[in-house]
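This briefing introduces one protein structure to a first-year student. Please look over the sequence and the structure before reading the points that follow.

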Amino acid sequence: MYEKTFPNKRFKHTIQFLQKHIPNSEDVLDLGIVNPFTKIMQEHGYLVENTKGEDLDIDTSTIKNSNADTVTAFEIFEHLLSPFTVLQSIKADKLVTSVPLKLWFSSAYRSKTDMLDRHYHEFEDWQFDWLLEKAGWKIIDRKKWTNPTKKLGIRPILRWFTPRYYIVYAERV
């Protein structure tokens, strides 16, 4: 169960937010390959299909061809050059998505070993809202939470008080 898996706080907030807005009787297209959170959604009764690892900046065919009721995108849009294109290609009427927020005291994430595991965007909440609205989505609900660490230092202390994750439930306009 998610309580014993890393990162448990993010998973707990995410599944609670998803359950608040999306009944588990709906089919879900989850953007991104099968991952630990896919399994958590399935454990909670959601029928989940994932994209196959294709570059969504270039190939949105899986999204366009999906008949899912809801699309989920958890920590995906920050990796894309053009999240606007992906958001427009979604046929489902419901979207639950989360992004890491831009932190003024920490630069954008960039893996030194994995070329794909980098953040092209780290949004402020108003920027992500604007992106969603411009792509044809109406935000119904939103939530933020922190991501503290048990390290010592100024930045770890700031992480106790500064929201790191932002999750949104939106419906197609």
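At the start of α2, which backbone nitrogen does a side-chain oxygen of Asn35 reach? The side-chain oxygen of Asn35 comes to within 2.8 Å of the backbone nitrogen of Phe37. The model discussed here is a predicted one. The protein chain holds six helices and six strands, and along the sequence they follow the pattern α-β-α-β-α-β-α-β-α-β-α-β.

**The chain as a whole**

- Of the 173 residues in the protein chain, 48% are buried.
- The protein chain exposes about 9800 Å², and carbon and sulfur atoms supply 55% of that area.
- Among contacts between residues at least 6 apart in sequence, 65% join residues at least 24 apart.

**Helix α2 and its surroundings**

- Helix α2 spans residues 36-43, and its buried residues are Phe37, Thr38, Ile40 and Met41.
- Seen down the axis of α2, these buried residues fall within an arc of 160 degrees, so they line one face of the helix.
- The buried residues of α2 pack against helix α1 (8-21) and against three strands, β1 (27-30), β2 (47-50) and β3 (70-74).
- Phe37 thus appears twice in this account: its backbone nitrogen lies within 2.8 Å of a side-chain oxygen of Asn35, and Phe37 is one of the buried residues of the helix.
- Just after α2, Gly45 takes a positive phi of about 95 degrees.

**A positive phi at Glu75**

- Glu75 has a phi near 55 degrees, which is a positive value in a residue other than glycine.
- Glu75 is located in the loop between β3 and α4 (83-89).
- Is Glu75 buried or exposed? Glu75 counts as buried because its relative accessible area is 14%, and the cut-off for a buried residue is under 20%.

**Asp141 and its salt bridge with Lys20**

- Side chains of opposite charge can pair when their charged atoms come close.
- By the rule applied to this model, the count comes to six salt bridges.
- One salt bridge is formed by the side chains of Asp141 and Lys20, at 2.9 Å from N to O.
- This pair links distant parts of the chain, with Asp141 in strand β5 and Lys20 in helix α1, 121 residues apart.
- Strand β5 covers residues 137-146.
- The two partners differ in exposure: Asp141 is buried, with a relative accessible area of 17%, whereas Lys20 counts as exposed at 59%.
- Which residues does Asp141 contact, leaving aside its neighbours within four places in sequence? Asp141 is in contact with Phe17, Lys20, His21, Ile167, Val168 and Tyr169.

**The salt bridge between Lys94 and Glu26**

- Lys94 forms a salt bridge with Glu26, and the closest N and O atoms are 2.7 Å apart.
- Lys94 lies in strand β4 (residues 94-100) and Glu26 in the loop between α1 and β1, so the pair ties together parts that are 68 residues apart in sequence.
- Lys94 is partly exposed, with a relative accessible area of 22%, while Glu26 counts as buried at 12%.

**The salt bridge between Asp129 and Arg142**

- Asp129 forms a salt bridge with Arg142, with 3.3 Å between the closest N and O atoms.
- Asp129 belongs to helix α5 (residues 125-134) and Arg142 to strand β5, and the two residues are 13 apart.
- Asp129 is buried, with a relative accessible area of 13%, whereas Arg142 is partly exposed, with a value of 42%.

**A nonpolar patch on the surface**

- Which residues form a nonpolar patch on the surface? The patch consists of Ile157, Trp160 and Phe161, which together have about 390 Å² of accessible area.
- Phe161 is found in the loop between α6 (154-159) and β6 (163-172).
- Phe161 counts as exposed because its relative accessible area is 66%, and the cut-off for an exposed residue is over 50%.

Definitions and conventions. Residues are numbered from 1 along each chain as its sequence is written. This is a predicted model: local features need pLDDT of at least 70, side-chain atom pairs count only at pLDDT 80 or more; totals for chains, interfaces and linings use all residues. Side-chain values use heavy atoms; hydrogens and water are left out. Patches are made of residues with over 30% relative accessible area and no salt bridge: like charges are joined within 9 Å, nonpolar side chains (Val, Leu, Ile, Met, Phe, Trp, Tyr) within 5 Å. Accessible areas come from the Shrake-Rupley method with a 1.4 Å probe; for residues, only the protein chains shown count as cover. A salt bridge is a side-chain nitrogen of Lys or Arg within 4 Å of a carboxyl oxygen of Asp or Glu. Helices (H or I, at least four residues) and strands (E, at least two) are DSSP runs, numbered from the N terminus. Buried means under 20% relative accessible area, exposed over 50%, partly exposed in between (1.4 Å probe, protein chains only). The arc is that of the directions from the helix axis to the C-beta atoms. Contact means heavy atoms within 4.5 Å. A polar contact is a pair of N or O atoms within 3.5 Å; within protein, one must be able to donate a hydrogen and the other to accept it, and residues adjacent in sequence count only if both atoms are side-chain atoms.
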